[in-house]
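Q: I am new to this structure and would be grateful for a close look at a single part of it. Please take the disulfides as that part, and set them in their surroundings.

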Amino acid sequence: MKQILVLALFLGPVCSCKMSRCYNDTELTRAAEQKLRSHYPQPAEHLATAARGAKPSCPLELYRQPASRELNVRSVSPWTYVTRTLEDHFPSSYSEAQCLCAGCLLVQRDGSVVESSDYNSRSVKQSRVFLKREPCDKGGYSLKPVTVEVSVGCTCVKVVSGS
């Protein structure tokens with residue numbers, strides 16, 4: 001029994017080292033892409049539709065145009081996509097939804113569109129796994145899976161009194 005315990009104490013660290021392999025600079029990107037494909041599939045990216053640094057506005061005029069196929073434009077809580085960057089992560093950039101209205105768009109009986117403050121636009125979040133590049137003690141880098149909350153769309157919700 002003592003021999004098994006001693007063996008487990010020596011093998012434990014050996015086994016855990018294999019789980020976080022170190023890669024040199026040339027191997028790192030290829031390893032990250034392969035791990036993302038096989039273990040952490042990534043959703044399709046949307047093209048960023050907001051200009052960098054531009055303050056988005058609530059697009060009441062969208063409802064006066066013919067209906068689009070895109071959900072983010074047809075929603076009563078419309079959103080745009082912005083590109084976000086995470087240094088030392090794979091993938092290093094991704095698209096995230098940004099709500100365009102504080103309230104929600106309502107079509108009136110006369111066909112006009114108003115933004116109602118009786119409702120709030122709120123982002124819908126999804127957990128995504130990214131691989132973070134971390135330095136190894138003996139040189140190179142390891143890839144550590146990290147979870148990041150990413151806004152994937154917006155929805156319309158009732159206002160809660162007192163908030």
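**The disulfides and their surroundings**

A: Cys 58 and Cys 101 form a disulfide, with their sulfur atoms 2.0 Å apart. The model in which this pair appears is a predicted one. The torsion about the S-S bond of Cys 58 and Cys 101 is about 85°, so this disulfide is right-handed. Cys 58 is located in the loop between α2 and α3 (71-74), while Cys 101 belongs to the loop between β3 (93-99) and β4 (104-107); the pair therefore ties together parts that are 43 residues apart in sequence. Both ends are buried: Cys 58 has a relative accessible area of 18%, and Cys 101 has one of 5%. For Cys 58, the value matters to the label because buried means under 20% relative accessible area.

This pair is one of 4 disulfides in the structure. In general terms, a disulfide is a covalent bond between the sulfur atoms of two cysteines. If the bonded cysteines of the protein are numbered in sequence order, the pairing reads 1-6, 2-4, 3-7, 5-8. Two further disulfides may be followed in detail, each with the elements around it.

The first of these joins Cys 104 to Cys 156, with sulfur atoms 2.1 Å apart. Here the torsion about the S-S bond is about 125°, so the disulfide of Cys 104 and Cys 156 is right-handed. Cys 104 is in strand β4 and Cys 156 in strand β7, so that the bond links distant parts of the chain, 52 residues apart. As for accessibility, Cys 104 is buried, with a relative accessible area of 0%, whereas Cys 156 counts as partly exposed at 27% relative accessibility.

The strand that holds Cys 104 has a partner of its own. Strand β4 is joined by 4 bridges to strand β5 (residues 113-116), and the two run antiparallel. Within this pairing, Cys 104 stands opposite Ser 116 in β5. The hairpin of β4 and β5 has 5 residues between the strands, and Gly 111 in this hairpin takes a positive phi near 90°.

The other disulfide is that of Cys 22 and Cys 136, whose sulfur atoms are 1.9 Å apart. Its torsion about the S-S bond is about -110°, so the disulfide of Cys 22 and Cys 136 is left-handed. Cys 22 lies in the loop between α1 (2-19) and α2, and Cys 136 in the loop between β6 and β7, so this pair ties together parts that are 114 residues apart in sequence. Cys 22 counts as partly exposed, at 35% relative accessibility, while Cys 136 is buried, with a relative accessible area of 14%.

The strands β6 and β7, on either side of the loop with Cys 136, belong to an open sheet. This sheet has 3 strands in the order β2-β6-β7, and their pairing is antiparallel. The edges are held by β2 (89-90) and β7 (141-158), each with a single partner strand, so one side of each is left without a neighbour in the sheet. Helix α2 (residues 25-38) packs on the sheet and touches β2, β6 and β7; its direction makes about 45° with that of β7. Strand β2 and strand β6 (residues 119-135), which run antiparallel, are joined by 2 bridges. At one of the paired positions, the bridge partner of His 89 is Lys 132 in β6. A further side-chain feature involves Arg 133, whose charged end sits over the ring of Tyr 141, 4.5 Å from its centre.

Strand β3, which precedes the loop with Cys 101, contains Ser 93. Ser 93 is partly exposed, with a relative accessible area of 36%. Leaving aside residues up to four places away in sequence, Ser 93 touches Thr 83, Arg 84 and Thr 85. Ser 93 and Glu 45 are 48 residues apart in sequence, and the C-alpha to C-alpha distance between them is 9.8 Å.

The wider setting can now be given. The protein contains 3 helices and 7 strands, and from the N terminus on its elements run α-α-α-β-β-β-β-β-β-β. Of its 163 residues, 26% count as buried. Among contacts between residues at least 6 apart in sequence, 57% join residues at least 24 apart.

Notes: Residues numbered from 1 in each chain as written. Predicted model: local features only at pLDDT ≥ 70, side-chain atom pairs only at ≥ 80, totals over all residues. Heavy atoms only, no water. Pairing = 2+ DSSP bridges. Contact = heavy atoms within 4.5 Å. Axes fitted to C-alpha atoms, helices over the stretch in contact; angles between N-to-C directions. Disulfide = S-S within 2.5 Å. Buried < 20%, exposed > 50% of the residue type's maximum accessible area, 1.4 Å probe, protein only. Lys NZ or Arg CZ within 6 Å of the ring centre and 35° of its normal.
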